[in-house]
Amino acid sequence: RELLAAARDGAPLADALAVTQRTLYENAETAHPFYWAGFTLIGDGGTGLTGARQPTADSAPAAS
């Protein structure tokens, strides 16, 4: 639920990243920093998400 709220339109990018990293950290399978520590935000973290879309089958890369 918190993850969906962080991805809503207008949510600050820094908040979305923090929630996502925390979600990975709290999961036993992805708690190691390998899974979450490499993601950083460069620029204005207060900028809101706009037009965030979930990937669709049409926009997903083709499987190799």
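**Aromatic pairs and local contacts in a three-helix chain**

The structure, which is a predicted model, holds two aromatic pairs. In one of them, the ring centres of Tyr-25 and Trp-36 lie 5.6 Å apart and the ring planes meet at 85°, so that the pair is classed as edge-to-face, a term applied to planes over 60 degrees apart. This pair links distant parts of the chain, since Tyr-25 belongs to helix α2 (residues 13-26) and Trp-36 to helix α3, with the two positions 11 residues apart in sequence numbering. The other pair is formed by Phe-34 and Tyr-35, whose ring centres are 5.1 Å apart and whose planes stand at 90°, and it is therefore edge-to-face. With regard to accessibility, Phe-34 is exposed, with a relative accessible area of 67%, whereas Tyr-35, at 39% relative accessibility, counts as partly exposed.

The protein chain as a whole contains three helices and zero strands, and its elements follow the order α-α-α from the N terminus on. Of the 64 residues in the protein chain, 12% are buried, and the chain exposes about 5300 Å², of which carbon and sulfur atoms supply 58%. When contacts in the protein chain between residues at least 6 apart in sequence are considered, 54% of them join residues at least 24 apart.

Both aromatic pairs are connected to the surroundings of Thr-30, a residue placed in the loop between α2 and α3. Leaving aside neighbours within four places in sequence, Thr-30 is in contact with Leu-24, Tyr-25, Tyr-35 and Trp-36. The side chain of Thr-30 also reaches the backbone oxygen of Leu-24, at a distance of 2.7 Å. Thr-30 has a relative accessible area of 16% and is therefore assigned to the buried residues, for which the value must be under 20%.

A further polar contact is found at Asp-44, which lies in the segment after α3 (33-36). Here the side chain of Asp-44 reaches the backbone nitrogen of Gly-46 at 2.9 Å. Asp-44 has a relative accessible area of 54% and, because exposed residues are those over 50%, is counted as exposed. Although Asp-44 and Pro-12 are separated by 32 residues in sequence, the distance between them in space, taken from C-alpha to C-alpha, is 9.1 Å.

Methods. Residues are numbered from 1 along each chain as its sequence is written. This is a predicted model: local features need pLDDT of at least 70, side-chain atom pairs count only at pLDDT 80 or more; totals for chains, interfaces and linings use all residues. Side-chain values use heavy atoms; hydrogens and water are left out. Helices (H or I, at least four residues) and strands (E, at least two) are DSSP runs, numbered from the N terminus. Buried means under 20% relative accessible area, exposed over 50%, partly exposed in between (1.4 Å probe, protein chains only). A polar contact is a pair of N or O atoms within 3.5 Å; within protein, one must be able to donate a hydrogen and the other to accept it, and residues adjacent in sequence count only if both atoms are side-chain atoms. Contact means heavy atoms within 4.5 Å. Accessible areas come from the Shrake-Rupley method with a 1.4 Å probe; for residues, only the protein chains shown count as cover. Rings of Phe, Tyr and Trp (its six-membered ring) pair if their centres lie within 6.5 Å; planes under 30 degrees apart count as stacked, over 60 as edge-to-face and the rest as tilted.
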